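Student: Got a minute to walk me through a model I just opened? I'd like the overall picture before the odd spots.

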Amino acid sequence: MNLADKFAHVAALRPARRRDVENVRTANLSPECDRLGQLLGAQANRNRYGEHLSYRQWYATPEMCLPDVRSLALLLPQGLLDASAIAEFAADPGQWLFLDTETTGISGGTGTYAFMVGIAWWDAGGLQVEQFFMRDLDEEHSLLLELSERMSERPVLVTFNGKSFDWPLLETRYRMTRAIPPCAPKLHLDLLHPARQLWRPRLGSVRLRDLERHVLGSEGRALEWSRHDDIDSSLIPQMYFDYLRGGPAEPLAGVFRHNQMDLRGLAALAGKILTLFDSGQGFPDAAHHSTHDPIDLYGLSRLMHRRGQPVRARELYESALRSGLPRHVERLARRELAQLAKREQDYTRATSLWEDLREASLVGKRKRSAISKEDAQKALESAIEAAEQLAIYYEHRAKQPQRGAEVISHAITDLQNAQRHGGIAAARAVKIETRLARRLLRLERRCAIGTMPELIRAGSVLD
């Protein structure tokens, strides 16, 4: 971007001269403002602060989801609200308000405007979408007042990364008005965080459009809407800057469609997550999980683990392992399941899992050409961590420090062999070997102390 473009952006963001509210029509707006309303079939909303453009559209899909209180609790950090509070605010999906903004940038701060705020709620069996748009920056007060009134009607806010971006930005804009207080939600459900737990192991990316393609549209049917003509979200701020300078209205119609699809995707994602949570809460047997992707089961088990439900998490981990997981995900599932088993003092299962992790590393070493260098290194480090856990068990629980010393000695040998073959970076290997050597020395001392009484009885240390 050259210097002229930067100054043009600053000029575009300069607040326009306040118009007389009593005479606020559209006299000072560019012809493209009227053109945008005509393209969309939108209308100007008026309140005591002026006007803004408003557009409503009802969609038959996605359909309303009926959440279970236990499933709703999984959307919140553990201990944030008790079940009665969740039931009061969130069990009725009619109180939910989905929200998504389009902004002049992603950096936040006082210089960033939310020029479009899209909201949606369940209505008449479908989804009612309403979008508020600032045709000029002096329409912000009017837009924010309208949004505050809508939020007062539905106290549960549902967003995708809204806790980190959308809502803090809107709170900043409310503070900047010095006149309109924000209507803070009673409960804020942010779907980004459970989506990361559930689908990042399978997809890597958890952008909403990727979830629509690979999760929401992968159950034997396509979504009822398509993003084949969607615009790149990174271009949206520039489209708005151009519009403020009198540019064409047609690109902004695409921004409205983009925001509508985000809101529909958000509502569909809420239904998908809660359905998955319901299946994880009360499944009768492993056969119930046959309809779910094993990696989704793994993601659900991780989320249950982090939400303080270890019993359900263990059952889901076991089911995911039986269903078959990719090598790298299976390794993670065994590691986390072993941690849960150890915490519950089920050392039989924990030691079995740690031995499996050690064996997986040996198999990978024999098939080095079949796996990537990165995967081989991760398998090696998982095996070393498992060896350390086994050594801790043998030293402190089984009271067999000699077996612990043998396990650590084998781990050091495997590490040295991997370093010689370039399977692990030298600096990383040195750091791990130093840690293992300290543990081995302590175990050897424990072994020596343990043999002293026998030597004394045999007279081998007597004068």
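Tutor: Let's go from the whole chain to the pocket, then a helix and some backbone details. This is a predicted model, where local features need pLDDT of at least 70 and side-chain atom pairs count only at pLDDT 80 or more, while totals for chains, interfaces and linings use all residues. Residues are numbered from 1 along each chain as its sequence is written, and side-chain values use heavy atoms, with hydrogens and water left out.

Student: How many helices and strands are there in the chain?

Tutor: There are 17 helices and seven strands. Those are DSSP runs, numbered from the N terminus: H or I with at least four residues for helices, E with at least two for strands.

Student: And what share of the residues is buried?

Tutor: Of the 463 residues, 51% are buried. Buried means under 20% relative accessible area, exposed is over 50%, and partly exposed is in between, using a 1.4 Å probe and protein chains only. The chain exposes about 22,400 Å², with 50% of that supplied by carbon and sulfur atoms; these areas come from the Shrake-Rupley method with a 1.4 Å probe.

Student: OK, pockets. How much space lies in the largest pocket?

Tutor: About 840 Å³. A pocket here is an open set of points on a 1 Å grid over the protein atoms alone, where a 1.4 Å probe fits, with protein on both sides within 12 Å along at least five of seven lines; lining residues have an atom within 4 Å of a point. The volume is the space filled by probe spheres set on the points, which are joined across faces, edges and corners.

Student: Which residues are closest to its centre?

Tutor: Asp 100, Glu 102, Ser 233, His 258 and Asp 262, out of 26 lining residues. Elements giving two or more residues to the lining include β3 (96–103), α8 (208–216) and α10 (250–282). β3 gives the most, with five residues.

Student: What's the lining like by class?

Tutor: Ten nonpolar, seven polar and nine charged residues. Ala, Val, Leu, Ile, Met, Phe, Trp, Tyr, Cys and Pro count as nonpolar, Asp, Glu, Lys and Arg as charged, and the others, Gly among them, as polar.

Student: Back to α10. Where does Gly 265 sit, and what is it in contact with?

Tutor: Gly 265 is in helix α10 and is buried, at 0% relative accessible area. Leaving aside neighbours within four places in sequence, Gly 265 is in contact (heavy atoms within 4.5 Å) with Leu 208, Glu 212, Leu 216 and Trp 225. Gly 265 and Leu 208 are 57 residues apart in sequence, yet their C-alpha atoms are 7.0 Å apart.

Student: Switching to α5: how many of its residues are buried?

Tutor: Eleven of 14, among them Glu 140, His 141 and Arg 150.

Student: And what should helix α5 span?

Tutor: At 1.5 Å a residue, α5 (residues 140–153) should span 20 Å, and its end C-alpha atoms are 20 Å apart, which agrees. The expected span is 1.5 Å times one less than the number of residues.

Student: Now the odd spots. Which peptide bond is cis?

Tutor: The one from Thr 61 to Pro 62, with omega near 0 degrees. Pro 62 lies in the loop between β2 (50–59) and α3 (69–73). Most peptide bonds are trans, and most residues other than glycine have a negative phi.

Student: What is phi at Asn 161?

Tutor: Near 70 degrees, so a positive value in a residue other than glycine. Asn 161 is partly exposed, with a relative accessible area of 26%.
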